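Trainee: Could you take me on a close look at one part of this structure, starting from a single residue and working outward? I would like to see how its surroundings fit together.

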Amino acid sequence: MNEQTWHAVDEWFCERLIGYDPALDDALAASAKAGLRAINVAPNQGKFLYLLARIQGARRVLEIGTLGGYSAIWLARALPADGTLVTLEAMTANAAVARANLAAAGVSDKVTVVEGLALDSLDRMVEEGVAPFDFIFIDADKSNNPHYLERVLKLSRPGTVIVADNVVRDGRVADEAHRDDDVVGVRRYIDMLAHDARLESSAVQTVGAKGWDGFAITVVKA
Ligand code: SAH
Ligand code: DHB
Ligand code: MG
């Protein structure tokens with residue numbers, strides 16, 4: 001078993017369960033052309049997020065980390081006609097690519113790309129008292145995950161689902177010898193989930209086109 005096999009199986013699943021999807025495929029092509037790193041979720045992961053949001057019946061979705069809007073297109077598609085997605089992005093260039101991709105995918109009317117550091121945007125939303133989100137996807141700078149969790153809990157309600165990407169990173173999360181900021185951030189995030197009586201959480205590892213990684217999933221109890 002090796003990374004090549006993981007890729008082949010991902011291709012096999014994606015071919016069957018997702019297939020050619022112009023809006024999504026074009027979004028990745030435009031992102032590559034603009035020089036963005038290909039650190040978007042894989043197609044089958046994007047559809048997995050879409051399904052989670054659908055299952056949850058999410059009407060208000062929050063994403064931290066837009067990049068070129070690939071996962072945002074998936075999440076926007078999960079929304080009902082009057083649903084909204086707010087997605088936070090620090091880099092102006094990324095936000096511009098995302099806006100163009102979201103427009104081309106026909107979901108612009110449901111999506112607001114908020115430029116700026118996510119912590120600032122989150123603090124502003126808390127201060128403004130925006131309505132709670134039903135589904136939250138955390139996928140930006142992992143070192144800030146503990147701070148993101150603290151903020152998004154103020155933007156949640158009982159039943160809100162919180163998913164965090166990249167919680168495994170080739171197994172580094174469970175290897176205490178790894179002390180870099182991203183891994184420490186994820187480790188602290190998991191510990192916060194574990195010790196917060198308001199939350200129920202699990203985490204699953206994934207292998208595939210994006211290597212060996214994983215998602216943490218949480219539901220807010222009360
Ligand atoms: N969710 C995207 C991938 C996001 S990659 C997808 O799957 O398609 C992570 C993104 O987070 C990058 O675009 C990066 O610029 C952004 N980011 C990193 N630090 C940030 C911060 N402090 N505030 C807001 N965005 C940040
Ligand atoms: C990186 C970030 C991501 O969100 C991801 O899915 C993969 C890699 C990174 O910063 O390397
Ligand atoms: Mg990610």
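Mentor: Happy to. Let's start at Asp134, which counts as buried because its relative accessibility is 10% (buried means under 20% relative accessible area, exposed over 50% and partly exposed in between, with a 1.4 Å probe and protein chains only). Before going on, a word on the ground rules: this is a predicted model, in which local features need pLDDT of at least 70 and side-chain atom pairs count only at pLDDT 80 or more, while totals for chains, interfaces and linings use all residues. Residues are numbered from 1 along each chain as its sequence is written, chains are lettered from A and ligands numbered from 1 in the order in which they are written, and side-chain values use heavy atoms, with hydrogens and water left out.

The partner of Asp134 is Arg157: their side chains meet in a salt bridge, at 2.9 Å from N to O (a side-chain nitrogen of Lys or Arg within 4 Å of a carboxyl oxygen of Asp or Glu). Asp134 sits in the loop between α6 (118–128) and β4, and Arg157 in the loop between α7 and β5, so the pair ties together parts that are 23 residues apart in sequence. The helices (H or I, at least four residues) and strands (E, at least two) are DSSP runs, numbered from the N terminus. Arg157 is partly exposed, with a relative accessible area of 29%.

Now on to the metal. The magnesium ion (ligand 3) has as its protein donors Asp139 (OD), Asp165 (OD) and Asn166 (OD1), lying 2.0 to 2.1 Å from it. Donors here are N, O and S atoms within 2.8 Å of the metal (3.2 Å for Na, K and Ca), and since water is not among the atoms, sites may look incomplete. Along the chain these donor residues follow the spacing D-x25-D-N. Asp139 belongs to the loop between β4 (135–138) and α7 (145–153), and Asp165 to the loop between β5 (161–164) and α8, so this pair ties together parts that are 26 residues apart in sequence. Asp139 counts as buried because its relative accessibility is 14%; Asp165 is also buried, at 5%.

Asp139 has another contact to look at: its side chain meets that of Lys142 in a salt bridge, 2.8 Å from N to O, and both of these residues are buried. Elsewhere, Asp123, Glu150 and Arg151 are linked in a network of salt bridges. The structure holds 12 salt bridges.

Finally, the surface. Asp141, Asp180, Asp181 and Asp182 form a negative surface patch. Patches are made of residues with over 30% relative accessible area and no salt bridge, like charges being joined within 9 Å and nonpolar side chains (Val, Leu, Ile, Met, Phe, Trp, Tyr) within 5 Å; accessible areas come from the Shrake-Rupley method with a 1.4 Å probe, and for residues only the protein chains shown count as cover. Asp and Glu count as negative and Lys and Arg as positive, with His and the chain ends not counted; the place of a charge is NZ of Lys, CZ of Arg, CG of Asp or CD of Glu. Within this patch, Asp181 lies in helix α8 (residues 181–195) and counts as exposed because its relative accessibility is 58%.
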